Amino acid sequence: MKLSVIGTGYVGLVSGVCFAELGNQVICVDKDSEKIKMLNNLEMPIYEPGLKELVQNNVQESRISFTSDIKEAVASSDVIFIAVGTPPLPNGQADLRFIEAVAASIGKYMNDYKLIVNKSTVPVGTGDFVREIVMKHQAEPVDFDIVSVPEFLREGNAIQDSMNPDRVIIGASSNKAAEIMKKLHEPFNAPVLITDVKSAEMIKYASNAFLATKISFINEIANICEKVGANVKEVAKGMGYDKRIGDKFLNAGIGYGGSCFPKDTTALVEIAASVDYDFKILKSVVDVNKKQRFKVIDSLKQIYDNLDGKKVAVLGLAFKPNTDDLREAPSINIIEELIAKNVHVKAYDPIAMNNATKIIRNTITYSSSVLEAVEGVDAIILVTEWHELIEADWFTIGNLVNKKIIIDGRNVIDSDLVESLGFIYKGIGV
Ligand code: UDX
């Protein structure tokens, strides 16, 4: 099939290259000409394991191309994916400005039947909105369909998730549209659920909100565990054996970050409010998550009454391992709070340093290795569970620090090992 994917962010670029890998002809479009230039030079605008190789291979096979020319892309494709950003507005609602602009261009440039696929996470009812915008910009009436096929990929695992989805959700307004989408997704060999457009839009929000709820739930259990002297790791393990609960997304820590959970949870609270529904559970999930990231600072304050003038190493800046993404990363708030307490922060991340310098503007010291970051510090805070950090050389680190204190925001460091080396170790709820 001939496809266009508009928007070369995580979702767009990864889906585009995966569809190309399956043998489709794919044009990736972005209005950011710098990004297109990079992609045409086979440089990736994001860090994602395996992405570069897959793009290179499909460019070589002439199955994928990159352009800023949306007109040409729309005219020459049967199926057009919208995969642009829906960033949060100050009130938490999703900003549909980019979706609207793309829908207008599709309407303007479509020459015959097109299947328009919404892959961005959009409020329930956006399918109808896109339909209206497309029709408004058509020079003359041309038939088209709108479908919602939400993307469930995780950053850092994006290719793997896209090629092996747990399920494919197709929210379609006509049988014709549903059949085209089914055929396109057949090679993934995943269960396919065909729904109406609004239900598909809701499935994406409900899934992310549910997973976020699991995380905030276990984080509150962790906070209580600390007070009653239980160990949340054991508690989560015991809960996880119950198949109705499952063992995934029960890792307690400093809470969720990233481009999806924070944005989608607040957006769903707003969607509910817009129909006069007070989504109390989800509001609490968001609230718990906002506070949870400061747990590591509370732990530090239990050790030092006064943090003024102390040196602290913050290890891991990305919102999770295997990505260079810092969107809504706990590290940002933790560092801000440390600076406000007049702490000298030394930071290190294996991959996200470049992005971090653009986002964290405070006066902190960026280090080029773990060992450089920990030299002379009064405490270490582990914020992101990169393999390199978990497996760090704690013996050498013990000889470099000023005080042997580890605050583990992800409960991933071997506490027996570091305690045997003389460290004071504090996890979350353990
Ligand atoms: C998420 C969803 O998993 C994906 O399906 C959706 O399409 C987009 O949002 P992503 O944000 O890439 O993907 O990362 P994910 O691996 O799901 O982690 C989200 C956040 O939750 C991270 O900050 C992670 O550290 C945190 N998390 C996850 C926990 O704190 N505890 C857990 O047990 C699991």
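Okay, before anything else, one term: I'll say two residues are in contact, or that they meet, when their C-beta atoms, placed from the backbone, lie within 7 Å. With that in hand, here's the helix pair I'd like to start from: Ile218, Ile221, Ala222 and Cys225 in α9 meet Val232, Val235 and Ala236 in α10. And just so everybody knows, this is a predicted model.

So how do those two helices sit against each other? A packed pair gets described by the angle between the two axes and the distance between them. Here, α9, which runs over residues 197–228, packs on α10 at about 135°, and the axes are 9 Å apart. That angle makes α9 oblique to α10. As for the hand of it, the crossing where α9 passes α10 is right-handed.

Let me zoom out for a second. The protein chain has 19 helices and 14 strands. For 430 residues, you'd expect a compact globule to come in near 22 Å in radius of gyration, and this chain has 23 Å, so it agrees with that. If you lay the C-alpha trace along its principal axes, you get a span of about 75 × 45 × 40 Å. Buried residues are 45% of the 430. And if you take contacts between residues at least 6 apart in sequence, 70% of them join residues at least 24 apart.

Now back to α9 and α10, because there's a visitor from the end of the chain. Glycine 429 sits in the segment after β14. What does glycine 429 touch, once you ignore residues up to four places away in sequence? The list is Ile221, Ala222, Asn223, Cys225, Glu226, Val232 and Ala252. Ile221, Ala222 and Cys225 are names you've heard already from the α9 side, and Val232 from the α10 side. Glycine 429 is buried, because 23 other C-beta atoms lie within 10 Å. For a sense of scale, take alanine 104: it is 325 residues from glycine 429 in sequence, and the C-alpha atoms are 51 Å apart.

While we're at that end, look at strand β14 itself, residues 424–426, which holds tyrosine 425. Tyrosine 425 has 18 other C-beta atoms within 10 Å, so it's partly exposed. Leaving out residues up to four places away in sequence, tyrosine 425 touches Ile406, Asp408, Ile413, Ser415, Val418 and Glu419. Isoleucine 405, 20 residues off along the chain, has its C-alpha 6.1 Å from the C-alpha of tyrosine 425.

Next up, the annotated positions. The UniProt record, an unreviewed entry, lists Cys260 as "active site". Cysteine 260 is in the loop between α10, 232–240, and α11, 261–274. Buried or exposed, then, for cysteine 260? Buried, because there are 24 C-beta neighbours inside 10 Å.

The same kind of record, again unreviewed, gives "binding site" for Asp30, Lys35, Thr86, Thr121, Glu155, Lys263 and Arg327. Those positions cover 298 residues of sequence, and they're spread in space too, up to 23.8 Å between C-alpha atoms.

I picked two of them to look at. Glutamate 155 is in the loop between β6, 144–148, and α7, 158–163. Glutamate 155 counts as buried, since it has 23 C-beta neighbours inside 10 Å. Setting aside anything within four places in sequence, its contacts are Tyr10, Gly258, Thr323 and Asp325.

Arginine 327 is the other one, in the loop between β9, 311–315, and α14, 330–340. With 18 other C-beta atoms within 10 Å, arginine 327 is partly exposed. With the same neighbours in sequence left out, arginine 327 is in contact with Gly258, Ser259 and Phe319. So Gly258 turns up for glutamate 155 and again for arginine 327.

Last bit, for the backbone torsion fans. Most residues other than glycine have a negative phi. Leucine 42 has a positive one, near 60°. Leucine 42 is in the loop between α2, 33–40, and α3, 51–60, and it's exposed, with 12 other C-beta atoms within 10 Å. Asparagine 189 also has a positive phi, near 55°. That residue is in the loop between α8, 175–185, and β8, 192–195. Asparagine 189 counts as exposed, with 11 C-beta neighbours inside 10 Å.

That's my tour, thanks.

Notes. Residues are numbered from 1 along each chain as its sequence is written. This is a predicted model: local features need pLDDT of at least 70, side-chain atom pairs count only at pLDDT 80 or more; totals for chains, interfaces and linings use all residues. Helices (H or I, at least four residues) and strands (E, at least two) are DSSP runs, numbered from the N terminus. The radius of gyration is taken over C-alpha atoms; the globule rule is 2.2 Å times the number of residues to the power 0.38. A residue is buried if 20 or more other C-beta atoms lie within 10 Å of its own, exposed if 12 or fewer, and partly exposed in between; C-beta atoms are placed from the backbone. UniProt positions are given in the numbering used here, feature names are shortened, and annotations may be inferred rather than shown by experiment. Axes are lines fitted to C-alpha atoms, for helices over the stretch in contact, and angles run from 0 to 180 degrees between N-to-C directions. Angles under 35 degrees count as roughly parallel, over 145 as roughly antiparallel, 65 to 115 as roughly perpendicular and the rest as oblique. A crossing is left-handed if the near helix is turned anticlockwise from the far one by less than a right angle, and right-handed if clockwise.
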